[in-house]
Amino acid sequence: MAVTIRKVGVIGSGQMGHGIAHVAALAGFDVVLSDVSADRVKSALATINGHLQRQVAKGTLTEEARKAALARIVPADTFDGFADCDLVIETAVEKEEVKRKIFHDVCAVLKPEAIVASDTSSISITRLAAATDRPEKFIGIHFMNPVPVMELVELIRGIATNDETFDAARTFVGKLGKQVAVSEDFPAFIVNRILLPMINEAIYTLYEGVGNVEAIDAAMKLGAHHPMGPLELADFIGLDTCLSIMQVLHEGLADSKYRPCPLLVKYVEAGWLGRKTQRGFYDYRGDKPVPTR
Ligand code: CAA
């Protein structure tokens with residue numbers, strides 16, 4: 001029997017988590033949002049409100065709909081707030097041990113029929129599912145950034161994911177107004193398997209001195225009609241996330257063509273993680289982004 005999803009728990013209120021909470025609330029789902037601190041959830045709610053207000057200003061959303069959507073998102077200090085969720089989506093950092101601990105803790109309070117999903121951009125769904133008490137009710141629901149804008153969601157079945165779970169996830173994604181691409185459970189799935197080696201190659205192009213930051217981004221924006229240059233996009237995704245995806249590809253497929261560029265490693269070691277830390281391939285601390293190389 002198909003599972004009906006009404007209430008959605010979102011674990012992690014970073015750029016993916018708040019984006020998912022935003023689109024789910026707009027689509028009429030009740031949302032519970034949690035993070036490691038109440039302050040982070042508070043700031044995520046302010047960001048969501050800012051995006052909703054922009055939609056109102058543009059005339060694509062009414063003021064009543066903005067208020068109603070925001071009222072549907074309830075912050076939770078502990079996982080106890082997730083007890084009556086029909087679906088829980090984890091959007092924590094791309095660290096397997098962190099995700100495993102979250103699944104262990106949240107499954108303890110969830111109702112038995114609740115579906116558990118990860119928004120991981122690269123980690124094996126089958127392996128994450130095995131860390132839960134319900135591998136048949138576990139699925140990968142991978143959103144793209146910025147969630148309110150991007151049309152695609154990847155759905156990834158683990159080896160044990162049952163048809164009811166897959167169908168419920170597909171229906172949920174459809175209600176958000178997004179298209180589904182079904183991916184097999186292989187490292188980095190479809191989008192990142194193709195996108196991240198391109199970004200990594202752009203970083204090698206910089207590292208080897210073929211072009212500077214501006215030239216590389218201009219080349220791909222104007223020469224290939226990409227909406228953002230690859231280095232600008234890397235900063236947008238987060239350089240730590242880019243590195244962890246390349247590491248998953250490198251280790252998971254054991255092919256040297258996926259080796260992370262040493263310059264990417266250096267930026268991450270410096271804590272220059274892109275927009276979220278105000279510095280990456282560009283410095284965002286001034287009025288305009290300035291290339292850092
Ligand atoms: N949240 C909500 N809405 C946003 C937003 C955000 N963070 N950023 C932009 N928008 C909205 C704007 O409000 C605007 O809406 P309208 O069309 O209603 O006016 C629209 O997006 C376009 O924004 P802008 O005019 O400000 O800027 P733009 O035209 O330069 O577009 C962009 C911005 C949509 C981000 C565009 O540059 C783009 O598509 N970039 C590529 C993004 C991409 O490749 N994402 C995938 C990353 S990979 C991934 O996510 C997977 C992973 O696991 C790493």
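Student: Is Ala254 buried or exposed, and what is its relative accessible area?

Tutor: In this predicted model, a residue counts as exposed once its relative accessible area is over 50%. Ala254 is found in the loop between helix 10 and helix 11, and its value passes that cut-off, so Ala254 is exposed, with a relative accessible area of 69%.

Student: What is the phi of Ala254?

Tutor: Ala254 comes just after helix 10, in the loop that leads on to helix 11. Although Ala254 is not a glycine, its phi is positive, at about 45°.

Student: Which residue in the loop between strand 8 and helix 7 has a positive phi, and is that residue buried or exposed?

Tutor: The loop between strand 8 and helix 7 holds an alanine, Ala188, whose phi is near 70°, a positive value in a residue other than glycine. Buried means under 20% relative accessible area, and the value for Ala188 is 0%. The residue is therefore Ala188, and its state is buried.

Student: How does the span of helix 10 come out against what its residue count leads one to expect, and what is the distance between its end C-alpha atoms?

Tutor: Helix 10 covers residues 239-253, which is 15 residues, and at 1.5 Å a residue these should span 21 Å. The expected span is taken as 1.5 Å times one less than the number of residues. The model agrees with that expectation, because the end C-alpha atoms of helix 10 are apart by 21 Å.

Student: Against which helices do the buried residues of helix 10 pack?

Tutor: The buried residues of helix 10 are Leu239, Thr241, Cys242, Leu243, Ser244, Ile245, Met246 and Leu249. These residues pack against three elements of the chain, namely helix 7 (191-207), helix 9 (230-237) and helix 11 (262-270).

Student: Why is Cys242 in no bond with the closest cysteine sulfur, and how far away is that sulfur?

Tutor: Cys242 is one of the buried residues of helix 10, with a relative accessible area of 0%. A disulfide needs a pair of cysteine sulfur atoms within 2.5 Å. The closest cysteine sulfur to that of Cys242 belongs to Cys261, and it is too far for a bond because the distance is 12 Å.

Student: How many disulfides does the count come to, and which cysteine has the sulfur nearest to that of Cys107?

Tutor: With the cut-off of 2.5 Å between sulfur atoms, the count comes to zero disulfides. Cys107 is accordingly in no disulfide, the nearest cysteine sulfur being 12 Å away. Cys107 is also buried, with a relative accessible area of 5%, and the cysteine with that nearest sulfur is Cys85.

Student: Which residue of strand 6 is the bridge partner of Ala117?

Tutor: Strand 5 (residues 115-118) is covered on both faces, with Ile115 and Ala117 buried on one side and Val116 and Ser118 buried on the other. On the strand 4 side, four bridges make a parallel pairing with residues 87-90, and in this pairing Ala117 is the partner of Ile89. Strand 5 also runs parallel to strand 6 (residues 138-143), joined to it by three bridges, and there the partner of Ala117 is Ile139.

Student: What is the handedness of the β-α-β unit that strand 4 and strand 5 make with a helix?

Tutor: Strand 4 and strand 5 pair in the parallel sense, and the helix that completes the unit is helix 4 (residues 96-107). The β-α-β unit made by these three elements is right-handed.

Student: Which helix does the chain cross through between strand 7 and strand 8?

Tutor: Strand 7 (residues 152-157) pairs with strand 6 in the antiparallel sense over five bridges, with Phe143 opposite Val153. With strand 8 (residues 179-183), strand 7 pairs in the parallel sense over five bridges, and Leu155 stands opposite Val182. The β-α-β crossover from strand 7 to strand 8 is right-handed, and the chain makes it through helix 6.

Student: What radius of gyration does the protein chain have, and how does it fit a compact globule?

Tutor: The C-alpha atoms fill a box of roughly 55 × 45 × 30 Å along the principal axes, and 48% of the 293 residues count as buried. A compact globule with 293 residues would have a radius of gyration near 19 Å, and the protein chain agrees with this, at 19 Å.

Conventions. Residues numbered from 1 in each chain as written. Predicted model: local features only at pLDDT ≥ 70, side-chain atom pairs only at ≥ 80, totals over all residues. Heavy atoms only, no water. Buried < 20%, exposed > 50% of the residue type's maximum accessible area, 1.4 Å probe, protein only. Helix = DSSP H or I, 4+ residues; strand = E, 2+ residues; numbered from the N terminus. Pairing = 2+ DSSP bridges. Right-handed = clockwise from strand over helix to strand, strands pointing away. Contact = heavy atoms within 4.5 Å. Rg over C-alpha atoms; globule rule 2.2 N^0.38 Å.
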